[in-house]
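Student: I've got a model open and I'd like to learn how to read it. Can we go through it feature by feature?

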Amino acid sequence: MKPAESDTSAPGTARLGRSVHIAGIGSYAPERVLTNQELEKMVDTTDEWILTRSGIRERHIAAPGQATSDLGVEAARAALADAGLAAGDVDLILVATASPDMLFPSTACQLQHKLGARKVAAFDLSAACSGFIYALEVGRQFVASGTHDTVLVVGADKLSAITDWTDRATCVLFGDAAGAAVLRHEPGRRGILSTHLGADGSQKEILNVPAGGSAMPATEQTVRDKMHFIRMSGREVFKLAVNAMLSAARGAVEKSGLALSDINCVIPHQANMRIIEAISDRLKVGMDRFHVNLQHYGNTSAASIPVALAEAVRMGKVKRGDNVLLVAFGGGLTWGSAVIHW
Ligand SMILES: CC(C)(COP(=O)(O)OP(=O)(O)OC[C@H]1O[C@@H](n2cnc3c(N)ncnc32)[C@H](O)[C@@H]1OP(=O)(O)O)[C@@H](O)C(=O)NCCC(=O)NCCS
């Protein structure tokens with residue numbers, strides 16, 4: 001075992017091992033853009049309803065035949081290019097997704113093959129919209145322990161594949177995309193200062209895809225009953241989401257040893273503008289310190305945080321030396337947050 005290094009532990013945390021930073025970040029969204037106006041022709045809705053209730057104007061939709069791993073591999077290539085690394089440098093692949101290519105093999109295995117990576121360990125992680133932050137922490141542990149040097153963490157979802165396009169309550173909210181980060185240790189860089197993860201398995205009824213797993217295998221009846229699509233009680237999810245994100249945000253900031261006033265940029269899960277505004281209000285962190293791009297992507301589940309983070313970095317809203325707070329919630333319920341010294 002390599003000894004712990006003195007530059008690594010953030011004040012107020014009991015983290016052991018090497019510091020871990022995001023050496024490269026990238027994102028991908030499919031070409032096809034589906035606007036609110038087009039949705040007006042598909043279901044009984046209006047641009048005005050979607051915009052005022054969610055903030056979403058348009059979302060990207062994968063092409064037929066384009067699977068979640070195809071979205072993920074594009075984001076992975078962009079993240080590796082950003083890090084100045086090649087596929088052959090990767091020594092572990094994690095994919096967070098709620099819409100895997102198939103039940104098994106994992107999407108991470110498909111992505112490893114498509115990326116042309118070595119035959120390194122690859123596995124999926126399921127935490128719905130919190131998946132990227134869960135995977136970030138799992139990847140961080142591998143690098144921190146010194147067992148792995150370069151970990152590829154991908155958040156990818158093709159929710160259009162599990163959306164009921166006749167259900168106006170859900171189909172207006174989601175989109176397809178992928179984001180990826182390359183995790184490494186670099187002496188002198190603090191990187192990920194803290195994370196905070198949680199789950200409440202008692203809330204599965206308010207957000208789920210009921211059929212297709214072992215609890216309710218696929219039958220003609222489950223297909224007829226549309227049990228392979230996302231089901232959601234929007235209002236209940238909304239309330240729990242605000243509380244979960246608030247406690248997650250406060251938890252990670254407290255563990256990082258920083259104060260909320262030290263946070264330069266918040267990257268929230270991009271589900272709904274009103275949820276984000278409620279969090280901004282309750283945390284007393286102005287919306288000018290939040291990066292929001294849901295108007296162009298909708299809720300892209302595990303891709304939402306890395307897509308928004310990659311965009312914020314590209315736009316110069318997140319710069320070297322900034323303190324960034326990531327915060328998400330999702331089906332499970334799950335929630336997660338991280339503070340990163342960029
Ligand atoms: C889904 C959400 C936007 C709905 O907003 P809301 O203000 O709670 O609206 P409600 O669900 O109470 O519905 C209000 C009315 O609008 C209707 N409605 C629902 N979807 C509609 C649509 N796309 N267009 C027009 N009307 C719609 C409802 O049928 C309801 O009509 P009723 O009052 O006649 O029954 C909101 O609850 C939300 O964002 N929840 C969180 C969802 C989320 O983030 N999920 C992902 C978790 S990772």
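Student: Let me start with a pair of helices: is the crossing of H3 and H4 right-handed or left-handed?

Tutor: Before that, keep in mind that this is a predicted model. As for your pair, H3 and H4 cross in a right-handed way. The residues that make the contact are Thr68, Ser69, Gly72, Val73 and Ala76 on H3, with Thr107, Gln110, Leu111, Lys114 and Leu115 on H4. Sorted by class, that contact has four nonpolar residues, five polar and one charged.

Student: And what angle do the axes of H3 and H4 cross at?

Tutor: Roughly 55°, with the axes of H3 (residues 68-83) and H4 (residues 107-115) coming within 9 Å. An angle from 35 to 65 degrees is neither roughly parallel nor roughly perpendicular, so H3 counts as oblique to H4.

Student: Let me try the next pair. How do H8 and H9 cross?

Tutor: Their axes come within 10 Å and the angle is roughly 45°, with H9 covering residues 273-283. Because of that angle, H8 is oblique to H9. The crossing of H8 with H9 is right-handed.

Student: Which residues of H8 and H9 make the contact?

Tutor: From H8 you have Phe238, Ala241, Val242, Met245, Leu246 and Ala249, and from H9 there are Ile275, Ala278, Ile279, Arg282 and Leu283. The class split here is ten nonpolar, no polar and one charged.

Student: Now the backbone. Which peptide bonds should I look at, and why?

Tutor: The general idea is that most peptide bonds are trans, and most residues other than glycine have a negative phi, so exceptions are what you look for. In this model the bond from phenylalanine 104 to proline 105 is cis, with omega near 0°. Proline 105 sits in the loop between strand E4 (92-96) and H4. Another cis bond runs from glycine 332 to leucine 333, with omega near -10°. Leucine 333 is in the loop between strand E12 (323-330) and strand E13 (334-341).

Student: What is the phi of lysine 226?

Tutor: It's positive, about 55°, although lysine 226 is not a glycine. You'll find lysine 226 in the loop between helix H7 (220-224) and strand E10 (231-232).

Student: Let's zoom out. Which domains is the chain divided into?

Tutor: Domain 1 (21-189) and domain 2 (193-341). Their C-alpha centres lie 14 Å apart. To read how they meet, look at who touches whom: 43 residues of domain 1 are in contact with 43 residues of domain 2. On the domain 1 side, the elements giving two or more residues are strands E1 (21-28), E3 (58-60), E6 (151-158) and E7 (176-184), along with helices H5 (131-145) and H6. That side of domain 1 has 23 nonpolar, 13 polar and seven charged residues.

Student: Last stop is the ligand. Which residues come nearest?

Tutor: There are 20 residues around the ligand, and Thr45, Arg168, Gly234, Phe238 and Ala271 come nearest. Notice Phe238 again: H8 also uses this residue in its contact with H9.

Student: Which helices supply the shell around the ligand?

Tutor: H2 (47-54), H6 (168-171) and H8 (234-256) each supply at least two residues. H8 gives the most, with five.

Student: How do the residues of that shell divide by class, and which domains does the shell draw on?

Tutor: The split is eleven nonpolar, six polar and three charged. As for the domains, the shell takes at least three residues from each of domain 1 and domain 2.

Methods: Residues numbered from 1 in each chain as written. Predicted model: local features only at pLDDT ≥ 70, side-chain atom pairs only at ≥ 80, totals over all residues. Near = placed C-beta within 6 Å. Helix = DSSP H or I, 4+ residues; strand = E, 2+ residues; numbered from the N terminus. Nonpolar A, V, L, I, M, F, W, Y, C, P; charged D, E, K, R; others polar. Domains from an automatic or database assignment. Axes fitted to C-alpha atoms, helices over the stretch in contact; angles between N-to-C directions. Parallel < 35°, antiparallel > 145°, perpendicular 65-115°, else oblique. Left-handed = near helix turned anticlockwise from the far one by under 90°. Contact = placed C-beta atoms within 7 Å.
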